[in-house]
Structure formats: structure tokens, C-alpha cells
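Visitor: I'm new here, so could you walk me through this one? Let's take it a question at a time.

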Amino acid sequence: MDDGRFEGKVAIVTGAARGMGEAITRRLAAEGAAVVLTDVLVDDGEAVAADLGDRARFVAHDVTDAAQWARVVATAEEEFGSVDVLVNNAGIFWRRALEDETAERLRRILDVNTIGPFLGLQAVLPAFRRVGGGAIVNVVSLASMHGYAWQGAYGASKWALRGLTRTAAQEFGPEGIRVNAVMPGPIETAMLPPDTTGLGNARFAGIPLGRSGQAGEVAAVVCFLASADAAYVSGAEVVVDGGSSSAPAATPRPPVG
């Protein structure tokens, strides 16, 4: 880990109270960034900010509300002087058959998973222009690359976010603003579907690396994309899935000879 890679930089991370968002926030702070972390989980978010100290601020934040986005950006600039990085991590997930899904529920997941990041892109743009550039990382999903049964609403929201990422990279690039996507596979967080097989961690045997991922492993990739180490990377989609998307399933090694 490069402890000073984000020295002098200010980051906003949504959905930062738990899971991947918390891991991303802690990694950014460890590498020198001041962080404004946001979530609807107020108690957990405040606890993370308190643990990180003076270079962190928590803001209660519904990502579907443009006015709340404006308040988050204003907090970052008032408290720390700028905004240099945005990580759109907040999201919701459920599994439900398409025939049982409702338009109301579909609108809800699109609001959080797609409209939320869209509002974030718009909200940080003036702040990025004031400092001459910036980096945006959208936490997307393998569900934006493949069709998964029982994940129609979630998949639709993440396919849309994938497209939004590519478009933003095109439109914002001339102003020195990079926009990239991270595609996590099964990661050990509260959003990972519970084990209904009785296999425990053996249910991930089909993944080439043979296990589920850790939130910190996603955070490492997010921080690389947000850093100057990725200065010529924009519009990229980095998969963090233990190799599971490289083939439908792991296959045995053929015999020698």
C-alpha cells in the first residue's frame, strides 16, 4: 500500500458505512485522503468517521436526492477545500423472478443503483472543474456483464450504470476527468446472497481462485483507478471476481500426454 498516494486529495464515498464502501473509505484514508463518507445508515457511518479521525466526515445521504448530493459536495469543499475523487458505491440488491417483480420495485432499484450515481456525476462536475480534473469510480457488478436468473431488476440497474460510465468517460475526458468501473464478483459483505446449499465456502469451488472475495480486495482496485497511477485509464471496466467470468465454470486440468 502506498501510504501517501492520496495526500492532499479529497474523496467522496457513498454507501460507506459497511462492506465494500467502508473498506474503500478506510483504504483511501490510509493512503492520505480526506474522506467524506455518506450512507443512510447513520450510526454505522458516524462510527466509521469517528474511527478515522479529523480527516473524515460523515454525511447522512440518500443518493436519489439531488439536493442531498449538493450538500455532500459542499461539505467536502467547506471542510477540506476541494473534491478530487468520487466513488459511487451505494447500492441495493435483491433476488426475485421477473414474473414476480413489480414496476414499483424496479423503479426503486434503478433510483438507487443508477439515478444515484448519475446525480453524483452531475454534482461533482463543478467541483472537479475548480481543481482542473478528477476521478470517478463506479462500483458496478458482474450482473452488468451476464444475465443472472432472479436478478432482473438488479441486473438492469447495473447494465445501465455500466453504460453511464462509458458515456461519462467520453464526455468528461477532455476536462481531465477520468471515469472507470469496477465489476465485483461474489464478495463477503452483507449483500452476498446467503448460503442455501449447505456447502459453505465450497459453493465457490467453481470460481478459478476457489473462494469468494474480500471487500479489501475490491478497495485496492478502486483506489488504483482513483489514483494518479491510473492517469491514462478511463472508460475501463476492471473485473474483481477471482476469475469466475473468464469461463462459465472452472474445468479440470486435462491429463498430461
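Visitor: What covers the buried residues of α3?

Guide: Quick background: this is a predicted model, where local features need pLDDT of at least 70, side-chain atom pairs count only at pLDDT 80 or more, and totals for chains, interfaces and linings use all residues. Residues are numbered from 1 along each chain as its sequence is written, and side-chain values use heavy atoms, leaving out hydrogens and water. Helices (H or I, at least four residues) and strands (E, at least two) are DSSP runs numbered from the N terminus. As for the buried residues of α3, their cover includes β1, β2, β3, β4 and α4 (103-131).

Visitor: Which residues of α3 are buried?

Guide: Buried means under 20% relative accessible area, exposed over 50%, and partly exposed in between (1.4 Å probe, protein chains only). On the face turned away from the buried side, α3 carries the exposed Ala67 and Glu78. The buried ones are Trp69, Val72, Val73, Thr75, Ala76 and Phe80.

Visitor: Why do those sit on the same side of α3?

Guide: An α-helix has 3.6 residues a turn, so residues three or four places apart point the same way. Here the arc is taken from the directions from the helix axis to the C-beta atoms. The buried residues of α3 lie on the same side because they cover an arc of only 150°.

Visitor: How far apart are the end C-alpha atoms of α3?

Guide: The expected span of a helix is 1.5 Å times one less than its number of residues. For the 15 residues of α3 (residues 66-80), that should give 21 Å. The model agrees, with the end C-alpha atoms apart by 21 Å.

Visitor: Which element gives the largest share of the largest nonpolar core?

Guide: A nonpolar core is a set of buried Ala, Val, Leu, Ile, Met, Phe, Trp, Tyr and Cys residues joined through side-chain atoms within 4.5 Å. This one has 30 residues, and Ile24, Leu28, Leu37, Val87 and Val182 touch the most other members. Elements giving two or more residues include β1 (10-14), α1 (19-30) and α6 (215-226). The largest share, eight residues, comes from α6.

Visitor: Is Trp150 buried, partly exposed or exposed?

Guide: Trp150 sits in the loop between β5 and α5 (152-172). Not counting residues up to four places away in sequence, Trp150 touches (heavy atoms within 4.5 Å) Trp94, Arg95, Arg96 and Ala97. With a relative accessible area of 49%, Trp150 is partly exposed.
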